[in-house]
Each structure stands twice: as C-alpha cells, then as structure tokens.
Amino acid sequence: MCLTNSHVCAFIAASVNPFEGRASSAAAPLRRPLMKTVAALCVFSPCRIKGGIRQPLKRHAVFQELLIEQDGCLILEKAAVESSPEEPLHPPAAIPAVMDFSIRAANVEDCKDIARMIVELAEYEKMTEHVKITQRDLEQDGFSKNPFFHGIVAEVPEQLRTKDGHTKIGYALYFYSYSSWAGRAVYMEDLYVMPEFRGKGIGKALMSKVAQLGLAAGCNQLNFTVLDWNQSSRDFYMSQGCSDITTSMGYHCMRCEGEALQHLAQP
C-alpha cells in the first residue's frame with residue numbers, strides 16, 4: 001500500500017484531539033506505529049524537519065500537519081511539504097461529526113464576513129438581486145451610538161477553516177421591536193450557517209442565543225420570517241416550538257419601499 005499525505009492526515013484525525021493539539025491517552029498505544037508512518041511519509045514527501053526546526057523549502061510549499069513526539073506525548077505540528085505547481089493543494093481537514101465552535105457578539109471587524117454571508121444567504125434564497133447592503137452600511141448601522149441592529153457570529157477554530165480560509169461560518173442579525181398585544185419582542189432578521197457546517201447544531205445555537213438575549217431584555221416574543229418553499233427550515237423552526245402565524249392567525253408580511261415609500265411619506 002502506498003502511503004500518502006491524506007492517509008496520514010486521516011489517521012491523525014482519528015487519533016488526535018484536533019482542538020487541543022495533543023494526543024489523547026487513548027491514542028498512546030498507537031504512538032510508535034504512527035511515528036513510523038509519519039517517518040515513511042517524510043521519506044517519500046520531502047518534508048524537512050531537522051532537530052525540531054522546520055527548514056525552508058526553495059520551491060512552492062504548503063503546510064501539512066504532522067505528529068512529533070516530545071516528552072512522551074504526540075504533538076501536532078505544522079511542517080512544510082514540498083509541492084510542485086501542478087500538484088493540487090491539500091484542502092482543510094474534514095469537518096468532524098462533533099463540531100467545535102463558539103458563538104459571540106459581532107463586532108465591527110466582522111462586517112466583511114457578515115456582508116459575505118448575507119450574499120450567500122440571498123443566493124440560497126434565490127434573491128441576490130435584492131441585496132443592496134454593503135460592508136460600510138453594516139459598520140455604520142450596527143456599530144454606531146444608536147445601532148439599528150445587533151448581531152452574533154459563529155466561529156470555528158483555525159484548523160476547521162473553509163477552503164477559502166473563513167473561520168466565521170454563521171451569523172444571526174436581530175433587533176428589538178414591540179407588540180401592542182404582548183409588549184417587548186425581538187425580531188430575528190437573518191439566521192445563516194454555511195452549507196458545509198450545517199447539521200452540527202450551529203444554527204440551533206445561534207437561534208438559542210437570540211432567544212436568550214431577547215429574554216434578558218424582557219421580550220415575550222421572537223419573530224422572524226421563512227420562505228414558503230423552504231420546508232426543511234420550516235420543519236426545524238416547528239421542532240423548536242415555533243408556530244406559523246400566517247396559518248394560525250392569517251397574518252401576511254407587508255412592505256412599502258422605493259417610490260411607493262416616498263409617495264406615502266408625502267403630506
């Protein structure tokens with residue numbers, strides 16, 4: 001059997017906690033065989049590790065994660081692996097079934113990624129022609145003295161970044177409103193997770209955080225809209241205890257914009 005970088009990476013992913021960078025105790029019996037595998041790979045792929053120091057390569061190089069034994073433990077290190085221009089670069093590690101991610105409040109530095117994901121969401125909803133917002137708009141409207149909206153982002157560790165290098169892989173935008181029947185309410189404008197990270201509980205965590213923030217602000221309702229053809233999202237929301245008030249109460253979402261709004265505003 002010919003050993004390749006991908007074979008060793010798959011073996012590493014199965015044996016090492018990728019979020020701590022150190023092999024678990026369960027992997028201890030595998031140390032010697034695994035080190036032999038890595039050593040064999042280093043022979044056939046010109047990876048230069050001498051005395052624990054990574055040596056620079058003259059040709060184009062990419063970084064490959066390897067295991068180095070140190071103080072009786074296996075340490076996840078990055079070493080330069082030579083690659084010819086015609087050879088494809090190695091993609092990020094496969095996304096694990098149990099995802100390590102964090103949810104935090106958005107800041108102004110996140111606006112570039114939020115703007116990117118807004119476009120991705122519009123593409124998914126087949127409505128890109130309606131997107132007029134820019135990164136600058138988000139910076140001004142969400143992070144001024146009196147913000148029009150608030151946001152949270154979902155982020156993954158660097159080793160789980162996308163093939164394009166993104167670690168911010170989901171977001172939610174929300175703002176506070178008021179119900180003349182129920183009082184304070186929170187409106188969730190957007191909820192989005194990049195396709196390759198769905199099914200990992202990230203969307204649920206984002207929505208749960210918006211609900212937590214709403215309750216902390218004294219809100220009694222969480223309101224949002226969903227497209228009628230998006231049955232998977234509708235099923236998800238229903239599974240979380242939400243109700244379809246278009247069906248149960250007959251409400252329709254109405255809008256006035258553009259010239260109609262200008263005309264409406266005339267005295």
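A residue is called exposed when its relative accessible area is over 50%, buried when this is under 20%, and partly exposed in between. Keep that in mind as you work through these exercises on a predicted model.

**Exercise 1. Cysteines and disulfides**

Sort Cys253 and Cys256 by accessibility, then find how many disulfides the structure has.

*Solution.* Start with Cys253: its relative accessibility is 63%, so it counts as exposed. Next comes Cys256, which at 34% is partly exposed. For the last step, a search of the whole structure turns up zero disulfides.

**Exercise 2. Looking at helix 3**

Describe the length of helix 3, and decide whether this helix is mostly covered or mostly open.

*Solution.* Step one: helix 3 spans residues 111–124, which is 14 residues. From its first C-alpha to its last it reaches 20 Å, close to the 20 Å expected at 1.5 Å a residue.

Step two: 10 of the 14 residues in helix 3 are buried, making the helix mostly covered. Among the buried ones are Cys111, Asp113, Ile114 and Leu121.

Step three: look for what does the covering. Helix 4 (135–142), strand 8 (150–155), strand 9 (168–179) and strand 10 (183–193) are included in it.

**Exercise 3. Two helices that cross**

How do helix 3 and helix 4 cross, and at roughly what angle?

*Solution.* First, the axes of the two helices come within 9 Å of each other and cross at roughly 120 degrees. Because of this angle, helix 3 is oblique to helix 4. Then find the residues that touch: Cys111, Lys112, Ile114, Ala115 and Ile118 on the helix 3 side meet Gln135, Leu138 and Glu139 on the helix 4 side. Finally, the handedness: the crossing of helix 3 and helix 4 is right-handed.

**Exercise 4. An unusual phi**

Where does Lys126 sit, and what is notable about its phi?

*Solution.* Begin with the place: Lys126 is in the loop between helix 3 and helix 4, just after helix 3. Most residues other than glycine have a negative phi. Lys126 is not a glycine, yet its phi is positive, at about 60 degrees. To finish, check its surroundings: with a relative accessible area of 61%, Lys126 is exposed.

**Exercise 5. A residue in helix 4**

Classify Gln140 as buried, partly exposed or exposed, and give its C-alpha separation from Val108.

*Solution.* Gln140 belongs to helix 4. Its relative accessible area is 41%, so Gln140 is partly exposed. Although Gln140 and Val108 are 32 residues apart along the chain, their C-alpha atoms are separated by 8.9 Å.

Terms used
Residues numbered from 1 in each chain as written. Predicted model: local features only at pLDDT ≥ 70, side-chain atom pairs only at ≥ 80, totals over all residues. Heavy atoms only, no water. Disulfide = S-S within 2.5 Å. Buried < 20%, exposed > 50% of the residue type's maximum accessible area, 1.4 Å probe, protein only. Helix = DSSP H or I, 4+ residues; strand = E, 2+ residues; numbered from the N terminus. Expected span 1.5 Å × (residues − 1). Contact = heavy atoms within 4.5 Å. Axes fitted to C-alpha atoms, helices over the stretch in contact; angles between N-to-C directions. Parallel < 35°, antiparallel > 145°, perpendicular 65-115°, else oblique. Left-handed = near helix turned anticlockwise from the far one by under 90°.
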